[in-house]
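Subject: The structure to look at

Hi,

Here is the structure I promised to pass on. Have a look at it first, then read my notes below.

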Amino acid sequence: MGAALALAARGRGRTSPNPPVGCVIVSDGAVVGRGWTQPSGRPHAEAMALAEAGERARGATAYVTLEPCAHVSPRGPACADLLVAARVGRVVAAVGDPDPRTNGAGLARLAAAGIATASGVRVDEARAAMAGFLTRLAKGRPHVTLKLATSLDGCIARASGESRWITGPEARAHVHLERSRHEAILVGRGTWEADHPRLDVRLPGLEPRAPRRVVLSGTLPLGRADEPAVIDSPPAITSLPGDHLFVEGGAGAASAFLTADLVDRLLLYRAPILIGGGRPALGDIGLESLADAHGRWTLVDSRQLGSDRLEVYERSQCSRESSPT
């Protein structure tokens, strides 16, 4: 299942409207097929792995990060049917598919065909890998990651606005990797007009995976020939295509998304420098008391990137915004 999860990560930010899924087929202790969801959502991971395995899939065990789909689509066959036709001996799914068109029907169809099934393997990792799909399905919006790059004293720029560069090359490269895993990237209008950011991906081989550019602005037009998409408020992200949104700057946009309680994941890149009197990373985010600030974020990862420190936080489940009606 670990290998299937690693394969699933290859598709993040490219598979919408389908989730990024990974599949590994094992026969007699050897991997005979591998697959992951392809761009735009087809072919599915199981179809890719079965095509590679061929006849070796008969009697084999298929490890898949999401319950095989059971619904008919004009874009391709149901994966449960493909696995039955291939006569696999066992299917292990990390999590069930909450899509009402499948939601248990995939595993049930396999069991009805005499195929052994199991689920609930590395559930948290599988849910994290499909966070965008699950957020869109449950809340009707993309999964939102907010990136902040600050000094030790919480500044994102000098008082003059100078901000290049607070973090070092390793941290900046990691940001570009994160960009490549999102369908859209957003900045505020102030950042767009002051910094003229390219908002692309500048890592060798990943340049084609640059996300769609979005600007948060209450007024139009922006006044540039290469205008990006524009939304007038954080809740308007429901209109954006794709399942992953990367909010990169500046302080106004970051504060607006936090105030609206629309940040699911926080990337905090902290450089070992002090600025003093600089521009703060955040403005008012609507807290009524200090007590309201506690219990909102859970540290899920921490690593050193050159001289900088990255901390990754996820929004605590207890106080997320309610799902849209």
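Let's start with helix α1, which spans residues 2-9 and has A4, L5, L7 and A8 as its buried residues. If you look down the axis of α1, those buried residues fall within an arc of 160°, so they line one face of the helix. What sits over them? The cover for the buried residues of α1 includes the strands β1 (22-27), β2 (30-36) and β3 (61-66), along with helix α5 (123-129). Keep in mind as you click around that this is a predicted model.

Now zoom out to the domains. The domain assignment splits the protein chain into domain 1 (1-132) and domain 2 (141-315). Their centres, taken over C-alpha atoms, are 33 Å apart. Where the two meet, nine residues of domain 1 are in contact with eleven residues of domain 2. About 960 Å² of area is buried between domain 1 and domain 2, and carbon and sulfur atoms give 43% of that. On the domain 1 side, R12, G13 and G132 are the ones to find: they supply 60% of the area that domain 1 buries against domain 2, more than any other three residues.

What about polar links between the domains? There are zero salt bridges across the interface of domain 1 and domain 2, but four residue pairs are in polar contact there, both partners being at pLDDT 80 or more.

Salt bridges do turn up elsewhere, and the structure holds 18 of them. Here are some to try out in the viewer.

One is between R141 and D264, where the closest N and O atoms are 2.9 Å apart. This pair links distant parts of the chain, 123 residues apart: R141 is in the loop between α6 (131-139) and β6 (143-150), while D264 is in the loop between α9 (251-259) and β12 (265-270). Are these two buried or exposed? The cut-off for buried is under 20% relative accessible area. R141 has 3%, so it counts as buried, and D264 has 2%, so it is buried too.

Another salt bridge joins the side chains of D261 and R315, at 2.9 Å from N to O. D261 lies in the loop between α9 and β12, and R315 lies in strand β15 (residues 308-315), so the pair ties together parts that are 54 residues apart in sequence. D261 is buried, with a relative accessible area of 16%, and R315 is buried at 4%.

Then there is E178 with R181, whose side chains meet in a salt bridge of 3.5 Å, N to O. The two partners get different labels here: E178 is buried at 3% relative accessible area, whereas R181 counts as partly exposed at 23%.

Salt bridges can also join up into a network, and this structure has one that links K147, R179, R198, D200, R202 and E248. Try selecting those six together.

Last stop: S217. You'll find S217 in the loop between β9 (212-216) and β10 (229-231). S217 has a relative accessibility of 4%, so it counts as buried. Which side chain does S217 pair up with? It is R189, and the polar contact between the two side chains is 3.4 Å.

That's the tour. Shout if you get stuck finding anything.

Cheers

Definitions and conventions. Residues are numbered from 1 along each chain as its sequence is written. This is a predicted model: local features need pLDDT of at least 70, side-chain atom pairs count only at pLDDT 80 or more; totals for chains, interfaces and linings use all residues. Side-chain values use heavy atoms; hydrogens and water are left out. Helices (H or I, at least four residues) and strands (E, at least two) are DSSP runs, numbered from the N terminus. Buried means under 20% relative accessible area, exposed over 50%, partly exposed in between (1.4 Å probe, protein chains only). A polar contact is a pair of N or O atoms within 3.5 Å; within protein, one must be able to donate a hydrogen and the other to accept it, and residues adjacent in sequence count only if both atoms are side-chain atoms. A salt bridge is a side-chain nitrogen of Lys or Arg within 4 Å of a carboxyl oxygen of Asp or Glu. The arc is that of the directions from the helix axis to the C-beta atoms. Contact means heavy atoms within 4.5 Å. Domain bounds come from an automatic or database domain assignment. Buried area is the accessible area (1.4 Å probe) that two parts lose on being put together, summed over both.
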